[in-house]
Amino acid sequence: MKRKQSQGNGNPSQIPATKQGTPPPSQPEIETVMDLIHVGEDNENNRAISSDLEKNEVAPFSKKKKKSKVWDDFQLIEAHLNDDGLERGKCKYCGTTYICEGKYGTSNMKRHLSKCFARVNRNPVQMMLSNSGKLVRKIDQETFKELCALVVIEHSYPFSWVEHKAVRSLMKYLNEDVKPICRNTVKNCCLKIHQRERDRIKQLLKKVSRRICLTCDMWTSAFTQGYLCLTAHFLGDEWNLHSLILNFLHVPPPHTARILFKQVYELLKEWSIESKIFSITLDNARCNDNMQEALRNQLNLERPLLSSGDYFHIRCSAHILNLIVQEGLKVIDDSVRKLRDGIKYITATEGRMLNFEECAKRASCDLSKGLWLDCRLWLDCPTRWNSTHKMLERAVIYKDVFASFELDDENFKWTLDEEEWKRVGRICELLQPFSEISTLFSGSKYPTSNLYFKHVWKIELCLLENIKCGDIYIRDMATSMKAKFEKYWDSYSLILAFAIILDPRYKLSFVTYCYKILNEETYTAKVNHVTDKLYQLYNEYVMEGSKLESTNNATMPTTTVTEVVGNKDRLMEGFENFDMEKVHTSQLRQYLEEGRQPHRQPLDILEFWKQNERRLPDLARMARDILSIPITTVASESAFSMGGHVLTKLRGSLLPENAEALITTRTWLNGFQKEGDNTATGHAEDEVLGYEYQVSGCSAVANN
């Protein structure tokens with residue numbers, strides 16, 4: 001009955017080939033997208049009918065099921081289809097046939113696979129005959145599973161995407177032999193990849209010969225769950241910068257300093273790096289201050305930190321910048337409020353935005369600057385100072401357009417007079433250095449510790465200059481910001497002052513110059529303090545290098561007089577160390593006395609120390625540790641940005657451990673940011689949380 005039904009249907013694609021050499025049946029014609037979606041179901045039905053036909057036709061000639069693995073690469077040709085009446089196997093790659101019945105077996109076919117040219121050279125496309133007789137790519141099911149898991153990891157898709165009807169139809173259309181997988185399969189594959197990458201990262205950390213710097217921060221998800229992000233930063237043997245998210249761990253409340261300390265310490269022990277820690281960068285929460293103190297004491301008990309941990313705690317520079325500017329914006333005047341309310345009124349409806357666009361076309365203002373600003377209005381988020389700066393910067397370009405818009409819309413009552421526009425311009429000038437420095441500090445692909453001293457010094461000079469400004473509003477704003485600056489950066493950071501000394505374009509002379517510009521009465525004492533601390537830290541690296549050298553020498557079997565003299569020769573060890581100390585100290589002195597490189601010349605500081613590592617070994621070890629210090633928690637912020645794409649309100653059932661696996665594995669495979677992808681950076685433009693509206697008419701005017 002089934003055979004008659006298929007013949008009555010008249011569809012040639014449902015009739016299996018009965019003779020060797022019969023051309024493969026054509027695919028059913030697809031006219032619409034919905035036909036494409038259902039083609040997978042039709043192929044399944046066709047395949048079932050064809051299977052029944054084959055059973056009815058070849059049943060008298062069928063034998064037991066073929067169990068050899070060789071049949072993965074060969075297609076069985078039944079005996080009744082061959083002239084000699086013997087079963088044959090046909091290679092799916094080159095079409096060669098071999099007798100496989102009785103005494104012949106499968107040995108010939110196995111030998112053929114090892115030398116089959118089409119199979120050995122099947123890259124980049126491995127082809128085989130599909131069930132319907134078409135020449136298609138051979139599917140490796142394990143590779144297919146891993147690729148599906150990588151899609152989930154890289155693009156933050158839900159596990160269930162592999163079960164979507166349209167996705168499965170697409171897979172069937174691309175290859176009929178694909179075996180669809182379920183959400184649990186792809187989840188298990190993601191966890192398998194995570195464990196494999198975790199083992200690789202652990203081996204990488206085990207091989208790190210120098211110290212590791214940390215950043216740590218807390219984040220709250222859309223479901224009010226607290227997550228702790230721990231990242232590691234270090235310079236490899238080739239002087240390349242590594243930044244890795246170690247953990248993205250769910251931490252139930254309360255988030256006290258004691259609990260956070262225990263969590264961080266346990267994570268360090270899991271990665272076996274508790275004896276390699278150099279510093280930890282945190283924001284300015286009081287809880288973090290207490291946490292780092294407990295962690296420092298614990299690490300000092302096991303293996304003393306350098307200088308007993310005096311340089312262990314680094315405050316996030318981006319967070320301090322935010323506190324300083326927010327303090328200044330507290331005294332914001334009516335001109336900024338009026339401008340914010342005016343932009344809010346314009347962007348409230350599409351009709352007003354179109355009207356503003358027409359006014360921009362008629363305006364005779366200079367819009368040449370609008371090209372690099374993308375010609376967009378911007379409504380700020382009052383809690384984000386950089387969005388306020390961008391709002392003012394954009395609005396100044398369109399000040400004449402605002403006046404024209406007021407003439408067209410009688411309800412618009414937020415036009416600024418000339419004096420108010422001048423004040424807005426001065427506020428932009430005050431905030432501009434902070435914006436540039438914040439962007440510079442937020443880099444994750446280059447060392448930032450050597451940037452700290454120079455730009456913090458520039459900020460202080462900017463504030464001192466604006467305190468003397470004739471505009472009382474700007475003067476009050478700068479005074480408030482200077483008070484907050486002195487709270488956190490009055491003495492700067494010693495370890496980060498060392499970083500710019502290790503930059504051959506600046507060295508100690510730049511630190512002296514900066515302190516002298518700020519205060520000629522106190523600069524000598526400050527420079528002497530920095531110099532003394534620098535030499536103290538350097539001497540620790542000298543002693544450490546001596547111990548490494550003596551350890552290496554101890555592994556070499558030698559016979560010396562000390563073996564005979566015994567304990568009496570220990571009296572001379574102090575003299576040897578004293579002489580060695582003089583030799584090593586000259587490395588630092590030699591570096592400081594050498595001429596500086598031009599400070600305007602671009603320099604890869606890591607490449608410089610890589611080239612001078614053999615000449616100045618002890619100093620290079622110190623530079624490797626100091627230059628790896630991150631001065632911001634931008635790495636954690638990047639992880640939080642990715643966490644926001646994974647832990648959405650539509651994925652409330654995602655377990656915290658699965659979320660951690662997806663986020664950490666993504667960074668291990670692709671880094672913090674992939675080219676052309678903004679979702680992996682915490683400082684992308686959309687993170688400013690402002691509202692932009694592009695004025696297309698302005699672009700037309702500017703291009704004319």
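Is Cys 190 buried or exposed, and at what relative accessibility? Select Cys 190 to start: at 3% relative accessibility, this cysteine counts as buried (buried means under 20% relative accessible area, exposed over 50%, partly exposed in between, with a 1.4 Å probe and protein chains only).

Before moving on, a word on what is on your screen. This is a predicted model, in which local features need pLDDT of at least 70 and side-chain atom pairs count only at pLDDT 80 or more, while totals for chains, interfaces and linings use all residues. Residues are numbered from 1 along each chain as its sequence is written, and side-chain values use heavy atoms, with hydrogens and water left out.

**Cysteines**

Stay on Cys 190 and show Cys 189 too. The sulfur of Cys 189 is the nearest cysteine sulfur to that of Cys 190, at 6.4 Å, and Cys 190 is in no disulfide. The structure holds zero disulfides (a disulfide being a pair of cysteine sulfur atoms within 2.5 Å). Now select Cys 213, which counts as buried at 0% relative accessibility.

**Strand β6 and its partners**

Next, colour residues 212–220, which make up strand β6 (strands are DSSP runs of E with at least two residues, helices are runs of H or I with at least four, and both are numbered from the N terminus). Seven of the nine residues of β6 are buried, so the strand is largely enclosed by the rest of the structure.

Add residues 226–235, strand β7: eight bridges join β7 to β6, and the two run antiparallel (strands pair if DSSP finds at least two bridges between them). Look for Thr 220, which stands opposite Gly 226 of β7. The two strands form a hairpin with five residues between them, and in the turn Thr 224 has a positive phi of about 60°.

Then add strand β9, residues 277–282, which runs parallel to β6 and is joined to β6 by four bridges. Here Thr 215 has Thr 281 as its bridge partner.

**Two helices**

Move to helix α11, residues 334–346, and pick Arg 337. This arginine counts as partly exposed, at 35% relative accessibility. Show Trp 414 as well: 77 residues separate Arg 337 and Trp 414 along the chain, yet their C-alpha atoms are 9.2 Å apart.

Finish on helix α14, residues 399–408, by selecting its buried residues Val 401, Phe 402, Ser 404 and Phe 405. Turn the view to look down the axis of α14: these buried residues fall within an arc of 165°, so they line one face of the helix (the arc is that of the directions from the helix axis to the C-beta atoms).
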